[in-house]
Amino acid sequence: MTGNKDSKLFVVTIALLAVYLFWGGTYLGMKIAIESMPPFIMAGARFFLAGSILFLIGRWKGADLPSVAEWRGAGIVGALLLLGGNGVVAWAQLKVPSAIASLLIATVPLWILVFNWIGGSKKKPTVGVMGGILFGLAGIAVMVIHPESTSNQGIDTIGILALLFASISWAVGSLYSRHAKLPASPVMATALQMIIGGILLGIASLFLDDWTKLHLSEITLRSWIAFGYLVGFGSIVAYTSYIWLLKNAEPSLVSTYAYVNPIVAVFLGWLIADEQLTSQTLIAAVMIIASVAIITMFREKSPSATQPVARKEKGKLQVHK
């Protein structure tokens, strides 16, 4: 019994590290990719290609062909996470400063906790977990808010509402995926979400004038390399790890990626792209890492912390009835 718990903890840790590091790297990857690729076309191609690869891998490993119900469930998750989440964020950043956008997207853990509680979870978030989340949000604020650089910039109301919508869409999609009708194979489940999400992003690009800006001959080598990273590590490895974690770990623990990813992004920007690393950033990094430790510590002290996982292992999803 102890061995199984230790093994499960090890796998959860590895999956979390993959989400922390590889998703953190996608900020720099996307920045380089869209230097010569239209953003919505790039995102749609990224997820459709990654999903197709995962679909073939899943079939090679013996996964059954998805049923209509499984395609529908995966389609809903893909629409919420990839179109309503990633796609809307990309659009909103045309209207809202990146500092404000980062802060609003960091509210995802709060939405996840609130919707998880309202949606049927009988375990109310503890004071310690809520305190850790708020401390993490404060760390994000220290990192991204620079009054001297944002005070003169107008804040677009539509952009703010779009970012709030994107945060809610990602949170709802994350929680819905825990109980949606999906293929038993995590690889196949992830593949369907990416394929449909990629198609939806491609359709959205038709309405955003992306195709008039696509010139294949002008795409640089560094953009292609970044695109390869986004497909391989950002989508196939990290996204698959995230979907697995949603089924096997507490939402409050999984959602800590929203705090760690900005740290990874900032340090990679400093290391690879010669971006400035200030004392303000270092202070924020310490606060954010501390928030993850607080959330993890208080989560493990909760007597019912493993209930959702136990229900899933027994195959009895009795929530949301």
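**Exercise 1. Place Asn261 in the structure and decide whether Asn261 is buried or exposed.**

Solution. Asn261 sits in helix H12, which covers residues 257-272. The model is a predicted one. Next, take the relative accessible area of Asn261, which is 4%. Buried means under 20%, so Asn261 is buried. Last, list the partners. Leaving out residues up to four places away in sequence, Asn261 touches Val19, Tyr20, Trp23, Gly24 and Tyr27.

**Exercise 2. Describe the overall make-up of the protein: how many helices and strands are there, and what percentage of the residues count as buried?**

Solution. Start with the elements. The protein has 14 helices and zero strands. Now turn to burial: 48% of the 321 residues count as buried. For the surface, the protein exposes about 16000 Å², and carbon and sulfur atoms supply 69% of that area. Finally, consider contacts between residues at least 6 apart in sequence: 90% of them join residues at least 24 apart.

**Exercise 3. Check the span of helix H9 against its number of residues, and find out how many of its residues are buried.**

Solution. Helix H9 runs over residues 186-206, which is 21 residues. The expected span is 1.5 Å times one less than the number of residues. For H9 this gives 30 Å. The C-alpha atoms at the two ends are 31 Å apart, which agrees with the expected value. For the second part, 15 of the 21 residues of H9 are buried, so the rest of the structure largely encloses this helix.

**Exercise 4. Which residues form the nonpolar patch on the surface, and which element gives the largest share of the patch?**

Solution. The patch consists of Phe48, Ile199, Ile203, Leu206, Phe207 and Trp211. Together these residues have about 670 Å² of accessible area. H9 supplies the largest share, three residues. Take Phe207 as one member: Phe207 lies in the loop between H9 and H10. Its relative accessible area is 70%. Exposed means over 50%, so Phe207 is exposed.

The loop that holds Phe207 also holds Asp209. Asp209 has a relative accessibility of 45% and therefore counts as partly exposed. Its phi is near 65°, a positive value in a residue other than glycine. For comparison, most residues other than glycine have a negative phi.

**Exercise 5. Find how many residues the largest nonpolar core has, and name the residues with the most contacts inside this core.**

Solution. The largest nonpolar core has 72 residues. Those with the most contacts inside it are Trp23, Trp170, Tyr239, Tyr242, Leu245, Tyr257 and Tyr259. Helix H10 gives the largest share of this core, 11 residues. Apart from this core lies another, of nine residues, including Val96, Ile160, Leu163 and Ala166.

Now look at Trp23. Neighbours within four places in sequence are set aside; Trp23 is then in contact with Ala18, Trp170, Gly234, Ala238, Tyr239, Tyr242, Tyr257 and Asn261. Asn261 is the residue from Exercise 1, and its own contacts include Trp23.

**Exercise 6. Which side chains meet in a salt bridge, and where in the chain do the two residues lie?**

Solution. The count comes to one salt bridge. The side chains of Arg222 and Glu35 form it, with an N to O distance of 2.9 Å. Arg222 is in helix H10, and Glu35 is in the loop between helix H1 (2-33) and H2. The two residues are 187 residues apart, so the pair links distant parts of the chain. Arg222 counts as partly exposed, at 45% relative accessibility. Glu35 also counts as partly exposed, at 46%.

**Exercise 7. For Phe40 and Ala74, what C-alpha separation does each have from a residue distant along the chain?**

Solution. Phe40 is in helix H2 (residues 39-60). Its partner is Gly202, 162 residues apart along the chain, and the C-alpha atoms are separated by 6.7 Å. With 8% relative accessibility, Phe40 counts as buried. Among the residues Phe40 touches are Gly87, Trp91, Leu201 and Leu208.

Ala74 is in helix H3 (residues 68-92). The C-alpha atoms of Ala74 and Leu192 are separated by 5.7 Å, although the residues are 118 apart along the chain. Ala74 counts as buried, at 0% relative accessibility. Its contacts include Lys181, Leu182, Ala189 and Leu192.

Methods:
Residues numbered from 1 in each chain as written. Predicted model: local features only at pLDDT ≥ 70, side-chain atom pairs only at ≥ 80, totals over all residues. Heavy atoms only, no water. Helix = DSSP H or I, 4+ residues; strand = E, 2+ residues; numbered from the N terminus. Buried < 20%, exposed > 50% of the residue type's maximum accessible area, 1.4 Å probe, protein only. Contact = heavy atoms within 4.5 Å. Patch = residues over 30% accessible without salt bridge, like charges linked within 9 Å, V, L, I, M, F, W, Y side chains within 5 Å. Areas by Shrake-Rupley, 256 points an atom, 1.4 Å probe, with all protein chains shown as cover. Salt bridge = Lys/Arg side-chain N within 4 Å of Asp/Glu carboxyl O. Core = buried A, V, L, I, M, F, W, Y, C linked by side-chain atoms within 4.5 Å.
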